[in-house]
Each structure stands twice: as structure tokens, then as C-alpha cells.
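Student: I am new to this structure and would like a close look at a single part of it. Could you walk me through the aromatic rings and how they pair up?

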Amino acid sequence: MHFTYNDFEKILNIGIRLSTEKNRNLLLAAILENAMEITSCDASTLYLYENNCLSFKIMKTLSMGISRGTDGEFIDDMPPVPMNEQNICSYAAIHREIVNVPDVDNSDRFDFSGPRKYDALTGYHTKSLLVIPLEDNENKLIGVLQLINAMDGNGAVIPFDEQYDIIIRSLGSMAAIELTNLLHMEEMKAQLYSFVEALTMALDERTPYNASHTENVEKYAGLLADYISRMYRAGKSTEYFDQNRKEKLQLAALLHDIGKITIPRGIMNRATRLDHDIRMVDMRFELLNALYEADMLRGRISREEYEHQRQDLESELAFIHKIDGVPFLDDENYRHICRLAEKYHQKEDGTVTKYLTDQEIEHLSIRRGTLSLEERKEMENHVVMTKKILHKVRFNKNFSDIPKWAASHHEFLDGSGYPNHLAKDDLDLETRILTVADIYDALTATDRPYKKPVPEEKALDILRDMADEGKIDRQLVEWLAEALKAKGGYRQ
């Protein structure tokens, strides 16, 4: 056998392909398939060295149409190969030596009971073998590549030419190095994910009311990304989310509210306007009733006047409890609260006990939601803190946009959002997806005690109204509706 320029050109092209493949399963498959192509063999098995054994990762036999493990599936019916020198693959791994067996039937160098048992089950006949150890640049064992039954031009099984040794070793070295690099990348990614999970767990532990919000925003963002890719394949979108882009979007979703970790619990967990302070109001009204009763006993007021005050206290306290839990405050109830603010009891010595404190009046007077203007500003500051926190994290180039996407999910296309009033041209598609996903979940959430969940179709109509106002992307809203309907989560 003589190598030509085309042969070496093929090797270089294979090296380029291996160096650009970022999917671990595809890289493993490329290693195996390229080795089979170079040696013109019929079958092969790729093992990875794990837990002091060689684990089956990919098996391929062209003549029998067998292809297993190429998509990452576990080959669980083939037990790992122990590191025993009687096994040809283990021997190659232990001694880091290429082993070429021209004819298994006439070799007693190794224990071939395993291949023979497999052949008996499948009807295959293993004859020639070429086994190559895969090592990284630090001579660390990565795995073993076993090539089976080299074929001549007529399809007959022949021994593997010894001149394949150098080219296969070269391929093995390139493959092992790229696999090592990919494993390092996966370790870095796993480290990043574990960091993100730790942060989100810390956030979720701080509030019992929206612990599922982060998870839901990630889910809806991923759903939108998948649907956009579907539209791309149908020729209806110019954008596409491969696995890497989708992972980055979902990481940004997991981190989008991380700044809330700095928000006081009293603001984060305020379920009603007064929240736990309602207990103080109850106790004060008991005190007020006692004060009026004392006035009656001392003759300061008549029994009729006392009864009138007692009934008024009961009525006002019932009103306070009702207003404490309503999501919106209309004008009539607002005026009622203003009248309450003027009510007080005064003792003979001039001591004044107001029905409500200034802070309680302020919270009961909130027109929408449960937070005062100052508290809402502090709550909105969570996106600023998200940016500050994430800019302290050293994201590599691949993940460098995550802080920007996460910290901009409250910006609107018309520039009316916060904190930086960014407009359409400044907002990446990922940010716009997070915004839609965040609002949709906030509307439909079932774990917010201060509001009832909005039905899905109503939530989508609200999103459409916001799109008509120029705040969010109308196309994303419609695609979310279609994606939810396709998933069975939304019915017309």
C-alpha cells in the first residue's frame, strides 16, 4: 500500500472536521466513521475508558446495517470490558500499543471468546482486527478504537495493512485531543450550570411565592426557541436555534431574576398590601374598642355612642381586610381609605391613637398590586443587580452575552421599559424572547397569593395588546401561542 497526496489530504480534512465538531456524540461517531473509511473496514467499536473499564459507546457494522450509540444512547446490553490483558482491547489500552490481528481464527494470542460469542448471536464472522488506543496529549488513556474486517475492492475480508498503523495512530491522536478538549468544554459547561443552579436555588429559597417562575421562564423560552427553529425549517423565519444557542438562552432565563437575591424579603414576599402588618391593625382595633369601652365606663361617652363606635370599628376593620387583598383599588375605595386616615381616638390626657399609621395608609392606598412606589422602584432595581452580579462572573466568549440578555428582560421595544430604556435595535432576539416568556408566566402563575392566575388565552390577548402598543414582539407572541397550542397547553 502506498499513500498518495489525496490520502494525506483526506487525513487533513478529517482533522479539520474533528477540530470543528462541538457535539460529543457526533465527534465520537466521526472518529469511528473516518477510521472505517480510511481502512475500508466493515465494522468497528469505539470504547471509552471509564471506571477502570472499557465501556461500549458506538458499534457499527455496515454489512448488517447495525449502528448503535451514534446518538448518545447507552449500549446497556453489552457489559464493560475489564482491563484484562487476555482481551485484545484491554491489552492495547494497558500497553498503549496498536494491535493488528490478520486472522482471528488462527490466533491464540488473545481470548477471542467475546467476539466469537457475539458472532454466534448475530451470524457475523469476525476475521481481521486492528485495535488502536486513544490517548490525549498528556498520555492519558481516553479509550480504544477497534476496527473489524478490512475489505478489498471485491468485498472480501483481508488483513489490515500494517501501513495503516501510522495513519490510524495519527487519526487516533487527533481524535483523542479533540475529545479531551470537548470533555474540558463539557466540564466547564457543567461547572457553569451547577453555579447557575446554586444561585437559582438560593433565590427560590428566599420566596415561597414564585419558586417556579425561573423554571417556567426557562421552559417557555426553550419552547419558543424550538418553535422558531421549526419555522426556520419551514422557511418562515430567518432565525435558528441550534443546541448551543438554545442552551445559552435557557441559561439566561435561569439567571434573569438573580438580582432579586438582594431585594429585602419584606418586599419580595409581600402577598397583600399590609401582609404581616395586618396583625398589628387587628391588635390596634382591639385596643381602640377597649379605649371606647373605657370612655363609656368613665362616663365620657354614652352606651349608645359606644355601640356606634364599636360597630364602626367592626365595619372599618372588615373593609381594611377586604381592601388588603384586592389587586386593584378604585376611586370609591380610595376615598374611603382617605377618610380612614383621619380617624383617631384621643384620651383625656391628649394621647392620640390613629386607626391606621401613615405607612399602613400608604400601602392600603396602592392603586395596583401590593408595593408602594418606593418599594416598586427597589423591586425594579433587581435587573440592575442582575447585571452587577453577572458581570462579576467570568463567562467565556461563548456565554458572554448571557448577562446582557438576562439584565434586559424588562426593556420594551418602544424604549419605555427599564432600567436603561433600550429600544428595538438594542434588544437581541434572546432578550425579546425572555421578555415575552417572563410576562406570560407572571400573568398565568398559580402561586401568587396576591393575584389570581389569568387564563392562558386571556394572557395571550394581554400580550397581543402590549405588542399593539409597540412594547413587545408580536411575532413572538403568536409563535408562543402556536407552540403552546401544539403542546396542548392552550386551547382556543
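Tutor: Let's begin with a term we will need: a residue is called buried when its relative accessible area is under 20%, exposed when it is over 50%, and partly exposed in between. Please also keep in mind that this is a predicted model.

Now to the rings. The structure holds 6 aromatic pairs. In one of them, the ring centres of Y232 and Y240 are 5.1 Å apart and the planes meet at 50 degrees, so this pair is tilted. How covered are these two side chains, buried or exposed? Neither word fits Y240, because its relative accessibility of 36% makes it partly exposed. Y232 is partly exposed as well, at 42%.

A second pair joins F285 and Y355, and this one is edge-to-face, with 5.5 Å from centre to centre and 65 degrees between the planes. F285 belongs to helix α9 (residues 278–297), while Y355 sits in the loop between β10 (352–354) and α12 (358–364), so the pair ties together parts that are 70 residues apart in sequence. Both partners are covered: F285 is buried at 4% relative accessibility, and Y355 is buried at 2%. So the partners Y232 and Y240 are partly exposed, whereas F285 and Y355 are buried.

There is also a group of three rings to find: Y91, F110 and F112 form one aromatic cluster.

To place these rings, it helps to step back to the whole chain. The chain has 18 helices and 10 strands. Of its 492 residues, 46% are buried, and F285 is one that counts as buried. The link between F285 and Y355 spans 70 residues in sequence; across the chain, 64% of the contacts with a separation of 6 or more are between residues 24 or more positions apart.

What is the radius of gyration of the chain? It is 35 Å, whereas a compact globule of 492 residues would have one near 23 Å. Along the principal axes, the C-alpha atoms fill a box of roughly 120 × 45 × 40 Å. The chain exposes about 25,800 Å², and carbon and sulfur atoms supply 50% of that area.

If you go back to the model now, try finding the tilted pair of Y232 and Y240, and then turn to the edge-to-face pair of F285 and Y355.

Terms used
Residues numbered from 1 in each chain as written. Predicted model: local features only at pLDDT ≥ 70, side-chain atom pairs only at ≥ 80, totals over all residues. Heavy atoms only, no water. Helix = DSSP H or I, 4+ residues; strand = E, 2+ residues; numbered from the N terminus. Rg over C-alpha atoms; globule rule 2.2 N^0.38 Å. Buried < 20%, exposed > 50% of the residue type's maximum accessible area, 1.4 Å probe, protein only. Contact = heavy atoms within 4.5 Å. Areas by Shrake-Rupley, 256 points an atom, 1.4 Å probe, with all protein chains shown as cover. Phe/Tyr/Trp six-rings, centres within 6.5 Å; stacked < 30°, edge-to-face > 60°.
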